[in-house]
Amino acid sequence: MLKREKQKTTIQFHCRQKIKEINHKVALKILSHVFSVAQTKVESWVEQEHALKKIFKVATDSIYLQDIANTLKLYALQDTLLFPLLKKDRYRIKKQNLKIIVIYSNHNVSNVYFDYCCHPKRGDDIVGFKKGNDVFVHHKLCERAASLMEQDEPMVFVKWTREAPDRYKLIVSLDNKKGSLASFLAYLAKMQINLVTIELGKSETKGMRIILK
Ligand SMILES: [Zn+2]
């Protein structure tokens, strides 16, 4: 038992390490897309700011992303001859709400899609790849996401929205028998499911329309 606990802790530790490594890469890719420059260039700017050790936070902390983008903007502006032609807010990171995903980017995003490979669930660690004006969301540990990163696909900051639409509508049909509703409700209580509303359906179908939370 004790050994198994220890193994579990070790696995969790390696998993956290792995996520942190991915976050480091994701952070540099996000910034490289913000400034439309090579990743090596962003890396050298970050190094000059002595922020290479904590840059991984950009992948999960939108406030830090905005802060560091604001700092690196000065490097980016010095770097381009087009400076007088650039719009002032070119590098301003905007919050963009797209249904259940929030994107922080200076580039406009129109749609968010979940790719077929990994189908992340709310709360999972996720990453976002930009294709045109669309963003494709993957699980952070998805193998396809790893290969997209290898291929240098542009990445953007993604996170789940705070308001969880964890409300489902469930339509059930119960036998018209004494106690069937009571035992169904007892079952829901046992599963720790909260009932928001309950609606009884038309009698000829014997169905019950129930909205669960
Ligand atoms: Zn995937």
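**Exercise 1.** Is the crossing of helix 1 and helix 3 left-handed or right-handed?

*Solution.* This is a predicted model: local features need pLDDT of at least 70, side-chain atom pairs count only at pLDDT 80 or more, and totals for chains, interfaces and linings use all residues. Residues are numbered from 1 along each chain as its sequence is written.

Step 1. Locate the elements. Helix 3 spans residues 62–79, and helix 1 spans residues 2–35. Helices (H or I, at least four residues) and strands (E, at least two) are DSSP runs, numbered from the N terminus.

Step 2. Take the axes, lines fitted to C-alpha atoms, for helices over the stretch in contact, with angles from 0 to 180 degrees between N-to-C directions. They come within 11 Å and cross at roughly 50°. Helix 1 is therefore oblique to helix 3 (under 35 degrees is roughly parallel, over 145 roughly antiparallel, 65 to 115 roughly perpendicular, the rest oblique).

Step 3. Assign the hand. The crossing is right-handed: the near helix is turned clockwise from the far one, whereas anticlockwise by less than a right angle would be left-handed.

**Exercise 2.** Which strands stand at the edges of the sheet?

*Solution.* Step 1. Write the order. The 6 strands run 1-2-6-4-5-3 in an open sheet with mixed pairing (two strands pair if DSSP finds at least two bridges between them).

Step 2. Read the ends. Strand 1 (94–98) and strand 3 (111–114) each have a single partner strand, so one side of each lacks a neighbour in the sheet.

Step 3. Check an inner pair. Strand 2 (residues 101–105) and strand 6 (residues 155–160) run antiparallel, joined by 4 bridges. Tyr104 stands opposite Phe157 in strand 6.

Methods:
Two residues are in contact if their C-beta atoms, placed from the backbone, lie within 7 Å.
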